[in-house]
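Thanks for coming. I will go through one structure today, starting with a term and then moving from the overall layout to single residues.

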Amino acid sequence: MIAAQTAGQPADQTSAPSTDTPQDFRAQSLKKGVWELGVLAGGGTGLGKSDNTQFFYAGGRGGYILTGEHLPGILRGNFEWAVDILPLYPVLTPDGGAIYGASVKPAIWQWNFTSFKKFAPYVAAAGGVVFSKSNVPPGDTSKVNFTPQFVVGSHYFFEKRRALFFEGSLGHLSSASLGPHNPGYNVTFLFTVGLSWFKGGH
């Protein structure tokens, strides 16, 4: 009788308390073999004697995460090589004019810190070239300038394989004496915002 009653009763639906933790969007996205594809825009200014010159830019970013995670503690992270293509790169000069140009940044060597679930801070050394329609700075200078930079930023993963990113950089812009004169901009400060998608991976 007891056995019959037991057989007729619905199975106990009680389960152990869930041990799920918030989804680790960073771990699902920022790993070896993943491609980062993004759009970005930003701007900034020269510093010191060049603080009357402003820079703006917009374009895309492609990156590839080359390594797994290395180093202990908060230094733990992976290495990414990225490239920026910036078809829009106007330089606003002190006389109120605008010099239009484009830029390619083929070397962004980036260390992503991976100790967090939604944020992934990073530091990078970057180098690129700006091609302009007329000389930058104005005068007897050059239409081609180089832009080495030191970058600090962070991804914010708001869902799996998608992230906003924010970064600031200190850089230098000069022609490396390609033109007759090379006054350049000794120090520039630039701020960038963007949106990235992460594809592939192991």
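A strand, as I use the word, is a DSSP run of E with at least two residues, and strands are numbered from the N terminus. Serine 196, which I will come back to, lies in one of them, strand S11. Please keep in mind that this is a predicted model.

First, the overall layout. The protein has two helices and eleven strands. Reading from the N terminus, the order is α-α-β-β-β-β-β-β-β-β-β-β-β. There are 202 residues, and 39% of them count as buried. Taking the contacts with a separation of 6 or more, 62% are between residues 24 or more positions apart.

Next, the strand pairing. Which strands pair with S11? Strand S1, residues 34-46, pairs with S11, residues 185-200, in the antiparallel sense over 13 bridges. In that pairing, glycine 43 stands opposite phenylalanine 191 of S11. Strand S10, residues 162-173, also pairs with S11, again antiparallel, over eleven bridges. Here arginine 162 stands opposite tryptophan 197 of S11.

A second group of pairings involves S6, residues 101-113. S3 and S6 run antiparallel and are joined by nine bridges. Leucine 86 has serine 103 in S6 as its bridge partner. S6 is also joined to S7, by ten bridges and again antiparallel. Glutamine 110 stands opposite alanine 124 in S7. The connection from S6 to S7 is a hairpin through five residues.

Now the empty space. Rolling a probe the size of a water molecule over the atoms shows where space is left empty. How many cavities of 30 Å³ or more does a search of the whole structure find? The search finds three. The largest cavity holds about 70 Å³ of space. Its lining includes Leu40, Tyr57, Asp84, Leu86, Lys105, Glu167 and Thr192. Leucine 86 is the residue we just met as the bridge partner of serine 103. Strand S2 (54-65), strand S3 (77-88), S10 and S11 each supply at least two residues of that lining. The largest share is from S10, with three residues. By class, the lining has four nonpolar, four polar and four charged residues.

On to single residues, beginning with serine 196 in S11. Is serine 196 buried or exposed? Its relative accessible area is 0%, and buried means under 20%, so serine 196 is buried. The side chain of serine 196 makes a polar contact of 2.6 Å with the side chain of glutamate 36. Besides Glu36, serine 196 touches residues including Leu37, Gly38, His155, Arg161 and Arg162, leaving aside residues up to four places away in sequence. Arginine 162 is also the residue that stands opposite tryptophan 197 in S11.

Helix H2, residues 25-29, gives us two examples. Phenylalanine 25 is found in this helix. With a relative accessibility of 10%, phenylalanine 25 counts as buried. The C-alpha atoms of phenylalanine 25 and arginine 161 are separated by 6.9 Å, and these two residues are 136 residues apart along the chain. Residues up to four places away in sequence aside, phenylalanine 25 touches Lys117, Lys118, Phe157, Phe158, Glu159 and Lys160.

Serine 29 is in helix H2 as well. Serine 29 has a relative accessible area of 0% and is buried. Its side chain reaches the backbone nitrogen of arginine 161 at 2.7 Å. Serine 29 touches Val34, Phe157, Lys160, Arg161, Arg162 and Phe198, again not counting residues up to four places away in sequence. Between the C-alpha atoms of serine 29 and glutamate 159, 130 residues apart along the chain, the separation is 9.2 Å.

The last residue is in a loop. Threonine 141 has its place between strand S7 (119-132) and strand S8 (144-146). Is threonine 141 buried or exposed? At 8% relative accessibility, threonine 141 counts as buried. Which backbone oxygen does the side chain of threonine 141 reach? It is that of proline 137, at 2.4 Å. Not counting residues up to four places away in sequence, threonine 141 touches Asn135, Val136, Gly179, Pro180, His181 and Pro183.

That is the end of my walk through the model.

Conventions
Residues are numbered from 1 along each chain as its sequence is written. This is a predicted model: local features need pLDDT of at least 70, side-chain atom pairs count only at pLDDT 80 or more; totals for chains, interfaces and linings use all residues. Side-chain values use heavy atoms; hydrogens and water are left out. Two strands pair if DSSP finds at least two bridges between them. Helices (H or I, at least four residues) and strands (E, at least two) are DSSP runs, numbered from the N terminus. On a 1 Å grid over the protein atoms alone, a cavity is a set of points where a 1.4 Å probe fits but cannot get out, and a pocket is an open set with protein on both sides within 12 Å along at least five of seven lines; lining residues have an atom within 4 Å of a point. Grid points are joined across faces, edges and corners, and a volume is the space filled by probe spheres set on the points. Ala, Val, Leu, Ile, Met, Phe, Trp, Tyr, Cys and Pro count as nonpolar, Asp, Glu, Lys and Arg as charged, and the others, Gly among them, as polar. Buried means under 20% relative accessible area, exposed over 50%, partly exposed in between (1.4 Å probe, protein chains only). Contact means heavy atoms within 4.5 Å. A polar contact is a pair of N or O atoms within 3.5 Å; within protein, one must be able to donate a hydrogen and the other to accept it, and residues adjacent in sequence count only if both atoms are side-chain atoms.
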